Amino acid sequence: MRAEPILRAEGLKKHFPVTEGLLWSTVVGWVKAVDGISFSIPQGQTLALVGESGCGKTTTAKLILRLEEPTSGQVFVDGKNVHALSGDVLKEYRTIVQAVFQDPWSSLSPRMRVREIVAEPLVVNRRVAAAEVESRVAEILGRVGLRPEQANLYPHEFSGGQRQRIAVASALVSDPKLIVLDEPVSALDVSIRAQIMNLLVDLQKQYGVSYLLIAHHLATTRFMAHEVAVMYLGKIMERAKTEELFKNPSHPYTKALFSAALPAHPDIVREEMILSGEVPSPIDPPSGCRFHPRCPFVMPRCAEVEPQEKAIAADHVVACHLY
């Protein structure tokens, strides 16, 4: 019997209204940012959501963090429906689910000392004695590679990589079960990225925490994720274990993403795939398969029938009429 996943999303949709007019605004359409996706993350594992800008990755993260209400569908964390929580159960959810955002320059308050920033999830959501907060902050700063005496400093006194370590410390201090990592290394210098990625992987092994990793950088994904879901225009096109996906990308969109990324070694020869056209508008997405206007393997039925997810191997599903 498999353990209950820490995070489960079922049929998740988020449609934003598009309005016209100033005083009497009328809804003229809907932006289908997330349009019926399902996935789960086991305890202690990482699922990466990858895709181009505007495919719905960050909206998905906001739905899980309760920063947006879903149009339909449900999110379960630790078996509880996230958008139905209130009172003490909601406070508990706020301690077991944390986030690390893309830009450490804007995600940390410039007016708070590092001690206050890191302690905030404990102080706000749990009644913890001051002495215990102090020792927990010192311990967690040590775990992320900072010195306890740096707790007295302000964020502007740190480099970008150190700021992201502070953000990670703040996310870890309340002993969470799930951390949403929204592009956690993309704003950092390349030399610092590997350090933060190694830190996150080590902390996962140490604490058994699960990650939802939002990324468009495939190298980050391959290094950190156990499983990858590829998104396009609010839909999941393909989902598989990381190594399986990198060895055997099956959806034409996944192949195009991999073709556009730099190879790991200059001698690697890869299938060249150039996509035609731009990403269509999520206000009026194409009928059938969302990807069909740009797909080199398009068939007549692709424009009419939306493909369902099919299992093409163990733990490898793809939504494409080619299979």
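## Asp78 and Glu183: positive phi angles

Asp78 is partly exposed, because its relative accessibility is 31%, a value that falls between the 20% limit for buried and the 50% limit for exposed residues. In this predicted model, Asp78 sits in the loop that runs between strand S4 (72–77) and strand S5 (80–81). Its backbone has a positive phi of about 55 degrees, although Asp78 is not a glycine. Most residues other than glycine have a negative phi.

Glu183 also has a positive phi, near 50 degrees, and is likewise a residue other than glycine. Glu183 belongs to the loop between strand S7 (178–182) and helix H7 (190–207). With a relative accessible area of 10%, Glu183 counts as buried, since buried means under 20%.

## Salt bridges

The structure contains 14 salt bridges. One of them joins Arg222 and Glu243, whose closest N and O atoms are 3.1 Å apart. This pair connects distant parts of the chain, with Arg222 in helix H8 (residues 218–224) and Glu243 in helix H9 (residues 242–247), 21 residues apart. Arg222 is partly exposed, at a relative accessible area of 39%, and Glu243 is partly exposed as well, at 38%.

A salt bridge is also formed by the side chains of Arg239 and Glu227, with an N to O distance of 3.6 Å. Because Arg239 lies in strand S10 (residues 235–241) and Glu227 in strand S9 (residues 227–232), the pair ties together parts that are 12 residues apart in sequence. Both Arg239 and Glu227 are buried.

## Strand S10 and the loop before S11

Strand S10 also holds Lys235, which takes part in a link between distant parts of the chain: its partner Glu306 is in the loop between helix H10 (252–260) and S11, and the two residues are 71 residues apart. The side chains of Glu306 and Lys235 meet in a salt bridge of 2.9 Å, N to O. The two partners fall into separate accessibility classes: Glu306 is partly exposed, with a relative accessible area of 37%, whereas Lys235 counts as buried at 14% relative accessibility. Elsewhere, salt bridges that share partners bring Glu4, Arg8 and Glu10 together in one network.

## A nonpolar surface patch

Phe297, Ile312, Leu322 and Tyr323 make up a nonpolar patch on the surface, with an area of about 330 Å². One of these residues, Ile312, is placed in strand S11 (residues 310–313). Ile312 counts as partly exposed because its relative accessibility is 32%, and a residue needs over 30% relative accessible area to be part of such a patch.

## The internal cavity

How many cavities of 30 Å³ or more does a search of the whole structure find? The search finds 1. The largest cavity has a volume of about 90 Å³. Its lining consists of 14 residues, and those nearest the centre are Cys289, Cys295, Cys302, Cys320 and His321.

Sorted by class, the lining of the largest cavity comprises 11 nonpolar and 3 polar residues, with no charged residues. In this classification Cys counts as nonpolar.

Definitions and conventions: Residues are numbered from 1 along each chain as its sequence is written. This is a predicted model: local features need pLDDT of at least 70, side-chain atom pairs count only at pLDDT 80 or more; totals for chains, interfaces and linings use all residues. Side-chain values use heavy atoms; hydrogens and water are left out. On a 1 Å grid over the protein atoms alone, a cavity is a set of points where a 1.4 Å probe fits but cannot get out, and a pocket is an open set with protein on both sides within 12 Å along at least five of seven lines; lining residues have an atom within 4 Å of a point. Grid points are joined across faces, edges and corners, and a volume is the space filled by probe spheres set on the points. Patches are made of residues with over 30% relative accessible area and no salt bridge: like charges are joined within 9 Å, nonpolar side chains (Val, Leu, Ile, Met, Phe, Trp, Tyr) within 5 Å. Accessible areas come from the Shrake-Rupley method with a 1.4 Å probe; for residues, only the protein chains shown count as cover. A salt bridge is a side-chain nitrogen of Lys or Arg within 4 Å of a carboxyl oxygen of Asp or Glu. Helices (H or I, at least four residues) and strands (E, at least two) are DSSP runs, numbered from the N terminus. Buried means under 20% relative accessible area, exposed over 50%, partly exposed in between (1.4 Å probe, protein chains only).
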